[in-house]
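Could you walk me through this model in my viewer, one selection at a time? I would like to know what to pick next and what I will find there.

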Amino acid sequence: MKINITQIIIFCFIIFSLLIFWQGLKKDNNYDTKNLTGTRISNFQLSEINDDDKYISEEDLKKNSYTLINFFASWCAPCRSEHKYLINLSSKKNKIQIIGINFKDKKNNANNFLKELGNPYNFVGKDTNGKISILFGIYGIPESILVNNNLTVIKKIVGPLDQIQYNEILNIIR
Amino acid sequence: MKIKTIIFIIYIFLSTPGYSNENQPELLEIYKNLRCLVCQGQSVADSNSDFAITIKLVVEDQVKEGKTNKEIYSFLISKYGEWIVYQPVFNKNNFLLWVLPYAVLFVGGIFIFLIIRKTKHNKTN
């Protein structure tokens with residue numbers, strides 16, 4: 001039987017298209033940034049929520065082995081559910097410091113939120129217009145970033161902290 | 001009455017959110033190439049989501065600081081990954097994406113040329 005080269009090319013093209021289609025179906029289309037670890041965080045200056053004269057910068061993160069940067073807001077319901085894990089983590093203050101960044105929120109509401117649920121943070125900063133969040137690659141809250149004293153991102157948690165992620169953080173800082 | 005209607009239309013047009021910023025072509029060009037990560041298939045230019053509004057503020061600041069488009073894209077890619085830009089940067093992971101259309105065009109051109117030549121050859125014989 002004579003094999004026609006045109007038929008071979010068409011056959012290969014169909015197989016190639018089906019493979020691409022099959023790979024596309026298997027791929028998870030929900031993009032998130034939790035795999036973007038290993039990058040260094042940018043220089044920043046973060047004002048304290050109740051006192052503009054107090055601020056921290058990336059230099060302050062070098063003082064502790066690990067820092068968890070948590071973006072939260074009083075209007076964010078999942079932030080309430082993750083708060084208990086942050087409170088638990090705050091008992092390990094010799095191993096990790098927790099920086100809270102209050103995202104697009106009202107000062108009074110944020111203070112009431114922390115009064116009601118407890119304040120696990122070593123420092124509470126404010127990000128009134130959201131620009132600070134872009135420096136940390138945040139696109140929705142709650143989000144948390146674990147960095148070491150080299151300012152390298154070790155872990156990104158997109159969405160609220162849960163028991164599994166809490167245990168993972170404990171394993172890292174142990 | 002007509003004047004009132006015209007004034008009303010102009011007022012509505014000018015008070016559309018983002019009109020003043022997006023009227024700047026250089027900003028609009030950047031916004032159009034940025035994907036809104038929290039929207040379904042929308043660019044930052046098309047979206048009025050919280051995320052898109054914040055990205056627009058940051059891009060505007062960086063343009064005012066004199067940063068080039070490439071620098072702005074690099075900054076955002078470092079924070080959000082390559083997914084944030086619609087036009088991916090050429091690298092070893094996606095070189096096929098860039099090269100394949102030209103390769104297909106080239107091979108297809110040769111293929112068509114050979115078929116036409118063969119057809120002509122057969123006709124003359």
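Start by selecting β4(A), residues 96-103. In this predicted model, the strand is mostly covered, with eight of its eight residues buried. Colour its two faces separately: Ile96(A), Ile98(A), Gly100(A) and Asn102(A) lie on one side, while Gln97(A), Ile99(A), Ile101(A) and Phe103(A) lie on the other, and all of them are buried. That split follows a familiar pattern, as side chains in a regular strand alternate between the two faces of the sheet.

Next, add the strands that pair with β4(A). Seven bridges join β3(A) to β4(A), and the two run parallel. To find a spot in that pairing, pick Leu68(A), whose bridge partner in β4(A) is Ile98(A). β5(A) also pairs with β4(A) in the parallel sense, over five bridges. Here, select Ile99(A) and look opposite to find Phe123(A) in β5(A).

Now show the whole sheet. The five strands form an open sheet in the order β5-β4-β3-β6-β7 (chain A), with mixed pairing. At the edges stand β5 (123-127) and β7 (153-158) of chain A; each has a single partner strand, so one side of each is left without a neighbour in the sheet. From one strand to the next, the twist averages 20 degrees.

Then bring in helix α3(A), residues 77-89. The helix lies across β3(A), β4(A) and β6(A), and runs at about 160 degrees to β3(A).

Two glutamates make good next stops. Which side chain of opposite charge is nearest to Glu48(A)? The nearest is Lys54(A), 5.5 Å away, and Glu48(A) is buried yet has no salt bridge. You will find Glu48(A) in the loop between β1 (45-47) and β2 (55-57) of chain A. Its side chain reaches the backbone nitrogen of Asn50(A) at 2.9 Å, and a polar atom of that side chain lies 3.2 Å from the backbone nitrogen of Asp51(A). Among the residues Glu48(A) touches are Phe123(A), Val124(A), Gly125(A) and Lys126(A); Phe123(A) is the residue you met opposite Ile99(A).

Finally, select Glu58(A), in helix α2 (residues 58-61) of chain A. Glu58(A) is also buried without a salt bridge, and Lys62(A), the nearest side chain of opposite charge, is 6.3 Å away. Zoom in on the backbone nitrogen of Phe44(A), which lies 2.9 Å from a polar atom of the Glu58(A) side chain. Beyond four places away in sequence, Glu58(A) touches Ser42(A), Asn43(A), Phe44(A) and Leu151(A).

Note on methods:
Residues numbered from 1 in each chain as written. Chains lettered and ligands numbered in written order. Predicted model: local features only at pLDDT ≥ 70, side-chain atom pairs only at ≥ 80, totals over all residues. Heavy atoms only, no water. Pairing = 2+ DSSP bridges. Helix = DSSP H or I, 4+ residues; strand = E, 2+ residues; numbered from the N terminus. Axes fitted to C-alpha atoms, helices over the stretch in contact; angles between N-to-C directions. Contact = heavy atoms within 4.5 Å. Buried < 20%, exposed > 50% of the residue type's maximum accessible area, 1.4 Å probe, protein only. Lys, Arg positive; Asp, Glu negative; His and termini not counted. Salt bridge = Lys/Arg side-chain N within 4 Å of Asp/Glu carboxyl O. Polar contact = N/O pair within 3.5 Å; in protein donor to acceptor, adjacent residues only side chain to side chain.
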